[in-house]
Amino acid sequence: MTGRLAEQGFVLGGDRLKSRPRGVSADHPRLDLLRHRKIDAGRRHGPAAGLHTPRAGEFVRETWLLVRPLLDWMAARELTPKPRERGVEDPS
């Protein structure tokens, strides 16, 4: 999953633990991902990449499709924060 993202030019970043999380074995296949407290995946496009044209929407759509397996993996393990419920009195 993350190997494919790297092949597509993505860089994984975010806040990481220095050691493995408690209860996770040293040989866990996703240990690298489980060390992340926060994770982001991104790639840069230079100004010549068409970001100033209608093609920008295609870049966004393509990025979401490529990152989706990572997001689905995180959501299936409840590693993503739950959306906050907003009440009437909560400020926007």
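## Where His-36 sits

Helices (H or I, at least four residues) and strands (E, at least two) are DSSP runs, numbered from the N terminus. With that naming in hand, we can place His-36 in this predicted model: the residue lies in the loop between α2 and β2 (40–42).

Is His-36 buried or exposed? His-36 is buried because its relative accessible area is 14%, and buried means under 20%. The side chain of His-36 reaches the backbone oxygen of Lys-38 at 3.3 Å. Beyond its neighbours within four places in sequence, His-36 is in contact with Gly-13, Gly-14, Asp-15 and Arg-16.

## The largest pocket

Let's turn to the open space in the model. The largest pocket holds about 280 Å³ of space. It is lined by 15 residues, and those closest to its centre are Leu-33, His-36, Arg-37, Met-74 and Leu-79. So we meet His-36 again here, among the residues closest to the pocket centre, and as a buried residue because its relative accessible area is 14%.

Which elements give two or more residues to the lining of the largest pocket? They are α2 (31–34) and α3 (56–76). The most comes from α3, with three residues. Sorted by class, the lining of the largest pocket has eleven nonpolar, two polar and two charged residues.

## The nonpolar core

Next comes the packing of nonpolar side chains. In soluble globular proteins, such side chains tend to be buried together. Here the largest nonpolar core has ten residues: Leu-5, Phe-10, Val-24, Leu-31, Leu-33, Leu-34, Val-67, Leu-70, Trp-73 and Met-74. At least two residues of this core come from each of α2 and α3, and α3 gives the most, with four.

Two names link the core to the pocket: Leu-33 and Met-74 belong to the largest nonpolar core, and both are among the residues closest to the centre of the largest pocket. Leu-70, another core member, touches Met-1, Leu-5, Leu-12, Leu-33, Ile-39 and Ala-41, leaving out residues up to four places away in sequence.

## Ser-25 in its loop

Finally, a look at a polar side chain. Ser-25 is found in the loop between β1 (11–13) and α2. This residue counts as partly exposed because its relative accessibility is 36%, a value in between the cut-offs of 20% and 50%.

What does the side chain of Ser-25 make a polar contact with? The partner is the side chain of Asp-27, at 2.8 Å. Not counting residues up to four places away in sequence, Ser-25 touches Arg-20 and Leu-31, and Leu-31 is one of the residues of the largest nonpolar core.

Terms used:
Residues are numbered from 1 along each chain as its sequence is written. This is a predicted model: local features need pLDDT of at least 70, side-chain atom pairs count only at pLDDT 80 or more; totals for chains, interfaces and linings use all residues. Side-chain values use heavy atoms; hydrogens and water are left out. On a 1 Å grid over the protein atoms alone, a cavity is a set of points where a 1.4 Å probe fits but cannot get out, and a pocket is an open set with protein on both sides within 12 Å along at least five of seven lines; lining residues have an atom within 4 Å of a point. Grid points are joined across faces, edges and corners, and a volume is the space filled by probe spheres set on the points. Ala, Val, Leu, Ile, Met, Phe, Trp, Tyr, Cys and Pro count as nonpolar, Asp, Glu, Lys and Arg as charged, and the others, Gly among them, as polar. A nonpolar core is a set of buried Ala, Val, Leu, Ile, Met, Phe, Trp, Tyr and Cys residues joined through side-chain atoms within 4.5 Å. Buried means under 20% relative accessible area, exposed over 50%, partly exposed in between (1.4 Å probe, protein chains only). Contact means heavy atoms within 4.5 Å. A polar contact is a pair of N or O atoms within 3.5 Å; within protein, one must be able to donate a hydrogen and the other to accept it, and residues adjacent in sequence count only if both atoms are side-chain atoms.
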